[in-house]
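Trainee: Before we discuss this model, could we lay out the sequence and coordinates together and go through them step by step?

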Amino acid sequence: VRIDHKADMWALGVLLYRAAYGTLPFEEPLAILNNRWSVPAGAPAYSKDVSDVLRALLADDPAQRPEAYELLCRLASARGLPPPPPALQRTHDQPLA
């Protein structure tokens, strides 16, 4: 298994889940190994956009997780904002300027 920047996207998903629900997404035994998570009972209802972002970030298959630029575009769209400048888009093998 190759560990790359998509692991960071997954970790961001865990962080956002914790911020949204006050708990970790993988509380039951072995849940993290099977990537089984759900919204806690009685949790606040968030928009479909927020749910979709969490689902994408916590995807079991790293190839299904968004790139950072794609995530920025999704978040901007959810807020009714224009997409970020294309100059922010880069591939994971490009060095930071």
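The questions and answers that follow deal with the core, the pocket and the salt bridges.

Mentor: Please keep in mind that this is a predicted model, in which local features need pLDDT of at least 70 and side-chain atom pairs count only at pLDDT 80 or more, while totals for chains, interfaces and linings use all residues. Residues are numbered from 1 along each chain as its sequence is written, and side-chain values use heavy atoms, with hydrogens and water left out.

Trainee: Which helix gives the largest share of the largest nonpolar core?

Mentor: A nonpolar core is a set of buried Ala, Val, Leu, Ile, Met, Phe, Trp, Tyr and Cys residues joined through side-chain atoms within 4.5 Å, where buried means under 20% relative accessible area, exposed over 50% and partly exposed in between, with a 1.4 Å probe and protein chains only. The largest one here has eight residues, namely Val14, Tyr17, Ala20, Tyr21, Phe26, Ala31, Leu54 and Leu58. Taking helices as DSSP runs of H or I with at least four residues, numbered from the N terminus, the largest share, four residues, comes from helix 1 (residues 5-21).

Trainee: Leaving aside neighbours within four places in sequence, which residues is Val14 in contact with?

Mentor: Val14 belongs to the largest nonpolar core, and contact means heavy atoms within 4.5 Å. With those sequence neighbours left aside, the partners of Val14 are Leu24, Pro25, Phe26 and Leu58.

Trainee: Of the residues that line the largest pocket, which are the closest to its centre?

Mentor: The largest pocket has a volume of about 230 Å³. Its lining divides into seven nonpolar, one polar and five charged residues, and the largest share of that lining, three residues, comes from helix 1. Of the 13 lining residues, the closest to the centre are Ala7, Trp10, Asp60, Pro62 and Arg65.

Trainee: How many residues apart in sequence are the parts that Lys6 and Glu67 tie together?

Mentor: The side chains of Lys6 and Glu67 meet in a salt bridge (a side-chain nitrogen of Lys or Arg within 4 Å of a carboxyl oxygen of Asp or Glu), at 3.6 Å from N to O. Lys6 is buried at 8% relative accessible area, whereas Glu67 is partly exposed at 31%. Because Lys6 lies in helix 1 and Glu67 in the loop between helix 3 (48-57) and helix 4 (68-78), the parts joined by this pair are apart in sequence by 61 residues.

Trainee: About how many helical turns separate Lys48 and Asp52?

Mentor: Lys48 forms a salt bridge with Asp52, with the closest N and O atoms 2.7 Å apart. Lys48 is exposed, at 61% relative accessible area, while Asp52 counts as partly exposed at 24%. Since the two are four residues apart in helix 3, their separation is about one helical turn.

Note on methods. On a 1 Å grid over the protein atoms alone, a cavity is a set of points where a 1.4 Å probe fits but cannot get out, and a pocket is an open set with protein on both sides within 12 Å along at least five of seven lines; lining residues have an atom within 4 Å of a point. Grid points are joined across faces, edges and corners, and a volume is the space filled by probe spheres set on the points. Ala, Val, Leu, Ile, Met, Phe, Trp, Tyr, Cys and Pro count as nonpolar, Asp, Glu, Lys and Arg as charged, and the others, Gly among them, as polar.
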